[in-house]
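Here is a quick back-and-forth about how some labels get earned. Take a look at the model first, then go through the questions.

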Amino acid sequence: MKTQATIILIISLFIAPGIAMSQSTGTSKSKELREKELEKYFEARKLYDLDSIIAPSMRIAGKALSGSAWSTSSDNYFQLLDNSKNSTLSFRKEFDEKKNIERSYEMEFDKEQKSLEIRIAAEAREGRIKITINKPNGKEFKSLEIDGEESLNWNQTINAYTDENKKDFAGTWVVKVSTSAAVGYYNVKLTVR
């Protein structure tokens with residue numbers, strides 16, 4: 001009698017979950033249908049496989065961080081990227097009386113740097129102001145001239161990402177300012193990154 005009860009108990013443990021599942025869903029699914037659903041599930045997972053996105057991103061981030069420098073100053077400010085290759089030259093001159101000025105300013109653009117940003121603002125209430133920018137090879141890059149009752153604002157960013165551009169742009173850039181009987185101001189800012 002005990003063996004019969006034990007067998008019934010074992011059979012009911014194996015069959016009861018199957019009966020309960022088929023009753024809870026209301027239908028019994030065929031094996032083929034379950035296999036098709038599993039296939040669709042795994043195909044959908046392949047489309048949204050985050051490892052294929054995350055791994056290359058982490059590799060790129062690792063390379064970027066390995067090339068950067070961590071520095072800390074005395075006031076607990078920290079800097080993630082090494083900005084030591086960034087440099088800015090800014091000069092401004094105001095003149096309330098008629099002036100004749102001939103000045104030149106120089107800015108180094110290293111082959112390792114990627115861009116040169118030029119910002120120029122000037123106003124000539126009287127007379128003439130001329131600002132000329134020359135590339136390292138001596139050729140004129142840009143010339144701007146204003147006279148009596150004129151003002152200007154000019155900005156340009158030069159990107160040197162290709163080797164050809166680096167050859168043309170690397171070296172000493174020269175900004176020349178000349179005024180003739182001018183009253184006003186000029187403001188020039190060069191930033192290399």
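**Labels and cut-offs around β4**

Q: What makes Y185 the residue that stands opposite E123 in β7?
A: In the pairing of β4 with β7, E123 stands opposite Y185. The model is predicted, with local features needing pLDDT of at least 70 and side-chain atom pairs pLDDT 80 or more, while totals for chains, interfaces and linings use all residues. Residues are numbered from 1 along each chain as its sequence is written, and side-chain values use heavy atoms, leaving out hydrogens and water.

Q: Why are β4 and β7 called paired strands?
A: Two strands pair if DSSP finds at least two bridges between them. β4 and β7 are joined by 17 bridges, so they pass, and they run antiparallel. The strands themselves are DSSP runs (E, at least two residues; helices are H or I, at least four), numbered from the N terminus.

Q: How do you know that β4 also pairs with β6?
A: Same test: β4 and β6 (residues 150-159) share ten bridges in the antiparallel sense, against a minimum of two. E123 shows up here too, standing opposite S151 in β6.

Q: And what about β5, how many bridges join it to β4?
A: Seven bridges, again antiparallel, with β5 covering residues 140-147. N134 stands opposite E140, and I133 has K142 as its bridge partner. The two strands form a hairpin with five residues between them, and G138 in the turn has a positive phi of about 95°.

Q: Why is the contact of E126 with K98 called a salt bridge?
A: The rule wants a side-chain nitrogen of Lys or Arg within 4 Å of a carboxyl oxygen of Asp or Glu. For E126 and K98 the closest N and O atoms are 3.6 Å apart, so the pair qualifies. E126 sits in strand β4 (residues 115-134) and K98 in strand β3 (residues 87-109), so the bridge ties together parts that are 28 residues apart in sequence.

Q: What makes K98 exposed but E126 partly exposed?
A: Exposed means over 50% relative accessible area, buried under 20%, and partly exposed in between (1.4 Å probe, protein chains only). K98 has 56%, so it counts as exposed. E126 has 37%, so it lands in the middle class.

Q: Which salt bridges does E117 form?
A: One is with R119, at 2.8 Å from N to O, and another is with R193, at 3.4 Å. R193 lies in the segment after β7 (171-192) and E117 in β4, so that pair links parts that are 76 residues apart in sequence.

Q: Why is E117 called buried, and what are R119 and R193?
A: E117 has a relative accessible area of 18%, so it falls under the 20% limit. R119, at 38%, counts as partly exposed, and so does R193, at 42%.

Q: How many salt bridges does the rule give, and which residues are linked in a network?
A: The count comes to seven salt bridges. D96, E123 and R125 are linked in a network of them.
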